[in-house]
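Hello,

Here is the structure I promised to pass on. My notes on how its chains meet follow below.

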4 protein chains.
Amino acid sequence: MSVRTPDPDQPQEPSSNPTPGWLSDVELAEVRQRLPLLYVEAVPVRVDGLGIVTEVGVLLRATSTGQMTRTLVSGRVLYGETLRDALFRHLEKDLGPMAFPLLPASPTPFHVAEYFPMPGISAYTDDRQHAVALAYVVPVTGTCDPRQDALEITWMTPEEAQSDAVSDEMEGGRGTLLRVALASVGQLR
Amino acid sequence: MSVRTPDPDQPQEPSSNPTPGWLSDVELAEVRQRLPLLYVEAVPVRVDGLGIVTEVGVLLRATSTGQMTRTLVSGRVLYGETLRDALFRHLEKDLGPMAFPLLPASPTPFHVAEYFPMPGISAYTDDRQHAVALAYVVPVTGTCDPRQDALEITWMTPEEAQSDAVSDEMEGGRGTLLRVALASVGQLR
Amino acid sequence: MSVRTPDPDQPQEPSSNPTPGWLSDVELAEVRQRLPLLYVEAVPVRVDGLGIVTEVGVLLRATSTGQMTRTLVSGRVLYGETLRDALFRHLEKDLGPMAFPLLPASPTPFHVAEYFPMPGISAYTDDRQHAVALAYVVPVTGTCDPRQDALEITWMTPEEAQSDAVSDEMEGGRGTLLRVALASVGQLR
Amino acid sequence: MSVRTPDPDQPQEPSSNPTPGWLSDVELAEVRQRLPLLYVEAVPVRVDGLGIVTEVGVLLRATSTGQMTRTLVSGRVLYGETLRDALFRHLEKDLGPMAFPLLPASPTPFHVAEYFPMPGISAYTDDRQHAVALAYVVPVTGTCDPRQDALEITWMTPEEAQSDAVSDEMEGGRGTLLRVALASVGQLR
């Protein structure tokens, strides 16, 4: 039921939805078969005083079938919302209000991940939909306290984060996205 | 009738549309009020043997009210389509089949332009919709022969392309996008 | 005597220089005619809670002839020094120890500025040398207190910073670099 | 004698060197202990009609001790030379005059590799010097015919090029640079 990857953001009461820019579950399900949906994704990191990435935050969560998988901060961009607002909203939703993320000054993503329902077209898959995600590395300076369906955030060294073991546990091919993120900050080996 | 900016890509016979990933005019109009739509945009350029941009291609077209405006190559990404396929399709549609564009090896855009129906949120506006456009500089090596509602392509020097005169003629704030494109190739002054 | 653009970093006692990686004034003057020198440059900015650039810091300084010019944080990369270390050192030197700069997680510059002694080859000139500068936008969170030959830091809105008036006052073509910086953070108009 | 990594570009007759911007072997050896030297590096690739990287070119060469190692196109930027000119010169030198490289329109590198004589500071080492290399992915459209000390160019799939086997054979840590290059073109897995 709660398939989440990247993230539905369902309005709580679809039947009486007063926000025209939001979609009911049924409408969203239909649109998902017709249009690529726009997402933002964030790789939370800790940096030292010189800006060097020392730790990478990976979310651990349980799927609807009880399986544990790892993922990144991600979610849909809503109608009328800027990319920055969407990024901030999803960081707060997944890491809690005390994470204090430092959003990048540049709106250009380090990578664009194209998720397709059918495997093989790109490195990324999402069986619910065709989603295109603009991905950012975001330093967080506060305390992370995952909420909703994210059970836990695991902080890893860049070396661990790019390992095959971690990569294999990540859903939808996000192990690749994590490696591309590490490449962009000079931490891929 | 033919409001185009960035680009509707209307299916020819909406009533009998057999492609589930395509939307009828009515459906598209509705979705436009509910979701940000994903676009690609391209700034066609001529480069010399060292890769230096020598000319920039700007499209001239007539709006539904008969006004002449300038624009760039742009259009929607369809369901199931990769960004590259969308980019190639729109380049061919706007510049003709003999333009021979050289798509960039990197899928990361030089800029992400956020178009809102209401002015003031960003530098870009589109009164039909909220659209997010991934923008690329694309060298073309062949002969451009604009089709459809694009009347003509004008090749300008980088200096002309960033002038206030050209900027003022461009629709939806694309004068800014053109300047950011020139900045990305080291041609902004 | 103290021509500075981008920045010599002369060791204080060249005659008894004990650091083999440093050059005496005479040696540096000679090398400047033979090799391109590597520089880093930084555009200091203030950002809001969403990472949007709200102010840009421009340095005001007096040249050896008493003329007032505007410039950016810049300086040479020394032998054995990482780009990050060089960037931090020059930020501290030009903005003081309480500026608290947030160095970018990514080592890739937003632009590479090529300074030549002869005008016309690129947008940038430096009559002392051929210098290649890796340029970064750096948010600063503390109090700036320019030292050495930088007399003052002026904080401007992005609109002011890209004006022709400011551009004309900047030395070596850095008005262009400032505009490219603003383009990279989505603030060029 | 022929230590090459990244590349010395020795003038042919140092004793009667008429070009003031060039250094004799002795002078270069001395400067190498005092200043970081500026390099360009290129990862030659083949792309398909949509710009997707299908093959990566890796150079095979013999070191002075007869060992076979793999490397990329790389070399020093000379005094008065633009980055593009340096890139083109080294591509021609390493791949021959019929390679027809398509230099990127943007001068911003996908990565900056910092080579230090002492290991551990970064992913890259060069026991001769401290070199900072601006790295570019460059599609080549013609026939490659390596010259000088490069014995051979091997074309590999992106999958092979990022394998540990290939990585281990590359000198100075360039296996990492190759992976970062593949990340930048969406081909890292």
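**Symmetry and contacts**

A turn of 180° with a shift of 0.0 Å along the axis lays chain A on chain C, at an RMSD of 0.0 Å (least squares on the C-alpha atoms of residues with pLDDT of at least 70 in both). The two copies are thus related as by a two-fold rotation axis. P104(A) is the residue of chain A that comes closest to this axis, its C-alpha lying at 4.3 Å.

Please keep in mind that this is a predicted model, where local features need pLDDT of at least 70, side-chain atom pairs count only at pLDDT 80 or more, and totals for chains, interfaces and linings use all residues. Residues are numbered from 1 along each chain as its sequence is written, chains are lettered from A and ligands numbered from 1 in the order in which they are written, and side-chain values use heavy atoms, with hydrogens and water left out.

Chain D also superposes on chain C, by a rotation of 180° with 0.0 Å of shift (RMSD 0.0 Å). Here L38(D) has the C-alpha nearest the axis, 3.3 Å away.

The contact (heavy atoms within 4.5 Å) takes 35 residues from chain D and 35 residues from chain C. Together they bury about 2,800 Å², 64% of it on carbon and sulfur atoms (accessible area, 1.4 Å probe, lost on being put together, summed over both). R34(D), L35(D) and Y79(D) supply 26% of what chain D buries there, more than any other three residues.

Two salt bridges cross this interface (a side-chain nitrogen of Lys or Arg within 4 Å of a carboxyl oxygen of Asp or Glu). One joins R34(C) and E27(D), at 3.1 Å from N to O.

Best wishes

Methods
Buried area = accessible area lost by both parts, 1.4 Å probe.
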